[in-house]
Amino acid sequence: MGAPAVYLAGPMKGLTFEACNRWRIEAAFRLGERGIATINPVEAELIAHQGALSCSGNGMMTSPKAIVAKDRHYVLNRATAMLVNFTDAPAVSIGTCVEFGWADAARIPVVTVLPDANPHHHAFIRELSGWVVADLNDAIGILAALHKD
């Protein structure tokens with residue numbers, strides 16, 4: 001499978017590029033300090049996107065079919081763990097829920113940040129998560145422990 005890499009999953013639809021990517025940049029930096037690579041599914045070409053993101057792009061890597069194919073490849077073929085951050089989720093993220101299924105099918109451990117009063121409080125989310133924590137700090141600590149030599 002290659003070097004350890006944590007897939008950074010979480011809501012994107014309805015959020016701005018900055019809002020959905022801010023925590024991913026922080027997680028990548030903090031995990032990188034520990035020698036753990038990350039996979040960020042937010043494409044660089046979306047940086048110039050104005051307003052809320054959606055799954056209706058038409059670029060080579062931003063069409064709905066490309067997004068699903070790319071994210072499935074990342075989860076099933078490259079990830080050694082998945083970090084899901086539902087902080088500030090405006091609504092249930094269907095795409096992230098599908099990624100949970102892929103990770104579970106591949107027996108990839110999932111660490112989920114799930115604050116109180118969040119639309120993702122559901123038995124499937126809790127049961128498919130190896131760990132459910134309230135903040136990103138705890139999630140980073142768990143992932144660091146998972147990837148210790």
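This passage describes the fold, one helix, several single residues and one pocket of a predicted model.

The chain contains five helices and five strands. Read from the N terminus, these elements follow the order β-α-β-α-β-α-β-α-β-α. Of its 149 residues, 44% are classed as buried. Among contacts with a separation of 6 or more, 69% join residues that lie 24 or more positions apart. The surface exposed by the chain amounts to about 8,000 Å², and 57% of this area is supplied by carbon and sulfur atoms.

Helix H1 comprises 16 residues, from 17 to 32. At 1.5 Å a residue a span of 22 Å is expected, and the C-alpha atoms at the two ends are 21 Å apart, so the model agrees with the expected value. The buried residues of H1 are Phe 17, Cys 20, Asn 21, Trp 23, Arg 24, Ala 27, Arg 30 and Leu 31. An α-helix has 3.6 residues a turn, so residues three or four places apart point the same way. The cover over the buried residues of H1 includes strand S1 (5-9), strand S2 (37-39) and strand S3 (81-85), together with helix H5 (136-146).

Strand S1, which forms part of that cover, contains Ala 5. This residue has a relative accessibility of 7% and is therefore buried, the cut-off being under 20%. Beyond residues up to four places away in sequence, Ala 5 touches Ala 37, Ile 39, Arg 78, Ala 79, Thr 80 and Ala 81. Thr 80 is 75 residues from Ala 5 along the chain, yet the C-alpha atoms of the two are separated by 5.5 Å.

His 120 is located in the loop between strand S4 (110-113) and helix H4 (123-128). Although His 120 belongs to a loop, its relative accessibility is 1%, so it counts as buried. With neighbours within four places in sequence set aside, the contacts of His 120 are Pro 11, Phe 86, Ala 89, Ala 91, Val 92, Ser 93, Cys 97, Leu 114 and Ile 125. Two of these residues, Pro 11 and Ala 89, are contacts of His 120 and also appear in the lining of the second largest pocket.

That pocket, the second largest, has a volume of about 200 Å³. Its lining consists of Pro 11, Leu 15, Ala 19, Arg 22, Trp 23, Asn 85, Thr 87, Asp 88, Ala 89, Val 113 and Leu 136. By residue class, the lining divides into seven nonpolar, two polar and two charged residues. H1 makes the greatest contribution, giving three residues to the lining. Trp 23 is thus listed both among the buried residues of H1 and among the lining residues of the pocket.

Asp 88, another residue of the pocket lining, lies in the loop between S3 and helix H3 (94-105). Its relative accessible area is 65%, so Asp 88 is exposed, the cut-off being over 50%. The phi angle of Asp 88 is positive, at about 60 degrees, although the residue is not a glycine. Arg 107 likewise has a positive phi, near 60 degrees, and is a residue other than glycine. It is placed in the loop between H3 and S4. With a relative accessible area of 64%, Arg 107 is also exposed.

Methods:
Residues are numbered from 1 along each chain as its sequence is written. This is a predicted model: local features need pLDDT of at least 70, side-chain atom pairs count only at pLDDT 80 or more; totals for chains, interfaces and linings use all residues. Side-chain values use heavy atoms; hydrogens and water are left out. Helices (H or I, at least four residues) and strands (E, at least two) are DSSP runs, numbered from the N terminus. Buried means under 20% relative accessible area, exposed over 50%, partly exposed in between (1.4 Å probe, protein chains only). Contact means heavy atoms within 4.5 Å. Accessible areas come from the Shrake-Rupley method with a 1.4 Å probe; for residues, only the protein chains shown count as cover. The expected span of a helix is 1.5 Å times one less than its number of residues. On a 1 Å grid over the protein atoms alone, a cavity is a set of points where a 1.4 Å probe fits but cannot get out, and a pocket is an open set with protein on both sides within 12 Å along at least five of seven lines; lining residues have an atom within 4 Å of a point. Grid points are joined across faces, edges and corners, and a volume is the space filled by probe spheres set on the points. Ala, Val, Leu, Ile, Met, Phe, Trp, Tyr, Cys and Pro count as nonpolar, Asp, Glu, Lys and Arg as charged, and the others, Gly among them, as polar.
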